[in-house]
Amino acid sequence: MSAEPLKVHESLDAYKRDIPFFNYPHLYKRFESDFDRIFKDVCSRGAFIMQKDLESFEEAVREFLGVKHAFGVADGTNALMIGLWAMGIGEGDEVICPAHTYIASPASAWMNGAKPVLCDIGDDNLLDPYSAEKWITDKTKAIMSVHLNGRTCNMDKIFEIADKHNLQVVEDAAQALGSKFKGKSAGTFGAFGTFSLYPAKVLGCFGDGGLIVTNDDDLADKIYQIRDHGRDHSGKVQCWGTNSRLDNLQAAFVDFRLRDSYPKEDIPRRREIAAKYYEGLKDLTELDLPAAPSDGDHFDIFQNFEMAADRRDELREFLSKRGIGTIMQWAGVPIHGFPMITDQKPSDFPRTVKFFERTVILPLNMAMSNDDVDHVVAAVREFYGKV
Ligand SMILES: *Cc1c(COP(=O)(O)O)cnc(C)c1O
């Protein structure tokens, strides 16, 4: 009997592990009995919309971030849209955001009738305020800083440019709940800040969810009304609004996590995994890694470990054969690549273009063991022949 040649996947079995980019069932499994208890409690009280669990979560958010007002909303996209709406940003106005962000950031300006204008990223792969400055016109109303991957932008520099031109700063902190710059939480610097509770985000719920925070009392009143049909605290309609409320049940689940495991377990563990990646890969000249976790100006929470890698596509293929899931943010297409952007060209964003030739994100989530992290490190090293 002649031996069959080994198929590729069989020859790799010894090296193979299942490390998906994100482990969705683990989100539930991790605290299954607590979530079951919360589900029964909330549902048997019939407490579905704007009940005490939402209020409790909003209180926990205010305490956690050190911010005056917090509102649960339908999702992170609605949070951005409502924030700009409450500020009165609309037709004839322009909002500047980085080309490296989720489509939701510029879409929130568009949904309000304003024009999204893109700028380039800087050395840190986040919005470059000096690039933003080049796109300021007399219509520009706000700069939207996007704290990608759990790292807060350098807010000193962003405010330097915004103040010079008398612009508002708003913050898309969808990926940065608990991230800090000089001790202050992402989302609490500008007119408002927003967060996403999408399952794969750091504080994910079991569906869509979002948050908007502000220190401005007047803006808070408007946000409160807009998310619930323009109604004030007494139920009277005061202005046009929409229905964008965070479900009370979802609020109860994330309240449970934010009051305990998220700050105590998740944030330290995410930073620990990032540190392991950093230590394990820092000598590879083929990679540009994100900054290691530090307690200096930037306290990162590592929503993602996004790096730039030589031969990126081959690396992803290699890791995939070893059971390791990776992604490229925005499926590899930054905002200037979308057909709606007609008057700005890729050559306007040289750093973003360059970064996207090499960008890749390694798995980093609470389902991973240290062995899993070591396995990823070993596979990346093997790919570059540095074992
Ligand atoms: C996830 C995300 C959003 C949108 O949040 P959703 O809850 O999915 O609507 C906005 N901006 C950035 C940078 C994001 O990563």
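I take a residue as buried when its relative accessible area is under 20%, and I keep in mind throughout that I am reading a predicted model.

**Entry 1, N365.** I began with the question of whether N365 is buried or exposed. Its relative accessibility is 3%, so N365 counts as buried. I then placed N365 along the chain and found it in the loop that lies between β13 (359-362) and α14 (370-383). Leaving aside residues up to four places away in sequence, I noted that N365 touches P20, F21, F22, N23, R270 and I273. For one of these, F21, I looked up the polar atoms: its backbone oxygen lies 3.0 Å from a polar atom of the N365 side chain. On the loop side, a polar atom of the N365 side chain also lies 3.0 Å from the backbone nitrogen of A367.

**Entry 2, strands β2 and β3.** Next I asked how many residues of strand β3 (residues 115-119) are buried. Four of the five are, so I read β3 as largely enclosed by the rest of the structure. I went on to its pairing with strand β2 (residues 94-98), where five bridges join the two strands and they run parallel. I looked up one residue of this pairing, I96, and its bridge partner in β3 is V117. To get from β2 to β3 the chain passes through helix α6 (residues 104-111), and I recorded this β-α-β crossover as right-handed.

**Entry 3, the ligand.** Which residues come nearest to the ligand? There are 14 residues around it, and G76, T77, D172, S196 and K201 are the ones that come nearest. I checked three of them in detail. For G76, a polar backbone atom is 2.8 Å from an oxygen atom of the ligand. For T77, a polar side-chain atom lies 2.5 Å from a ligand oxygen atom, and for S196 the distance from a polar side-chain atom to an oxygen atom of the ligand is 2.6 Å. I also noted the cover: on its own the ligand has 380 Å² of accessible area, and the protein covers 94% of that.

**Entry 4, an open sheet.** Last, I looked at three strands that form an open sheet in the order β7-β6-β11, with antiparallel pairing. Here β7 (184-185) and β11 (298-299) stand at the edges with a single partner strand each, so one side of each is left without a neighbour in the sheet. Strand β6 (residues 180-181) pairs with β11 over two bridges in the antiparallel sense, and I found K180 standing opposite F299 in β11.

Technical notes. Residues are numbered from 1 along each chain as its sequence is written. This is a predicted model: local features need pLDDT of at least 70, side-chain atom pairs count only at pLDDT 80 or more; totals for chains, interfaces and linings use all residues. Side-chain values use heavy atoms; hydrogens and water are left out. Buried means under 20% relative accessible area, exposed over 50%, partly exposed in between (1.4 Å probe, protein chains only). Two strands pair if DSSP finds at least two bridges between them. A crossover is right-handed if, with the strands pointing away from the viewer, the path from the first strand over the helix to the second runs clockwise. A polar contact is a pair of N or O atoms within 3.5 Å; within protein, one must be able to donate a hydrogen and the other to accept it, and residues adjacent in sequence count only if both atoms are side-chain atoms. Contact means heavy atoms within 4.5 Å. A residue is near a molecule or strand if one of its heavy atoms lies within 4 Å of it. Accessible areas come from the Shrake-Rupley method with a 1.4 Å probe; for residues, only the protein chains shown count as cover.
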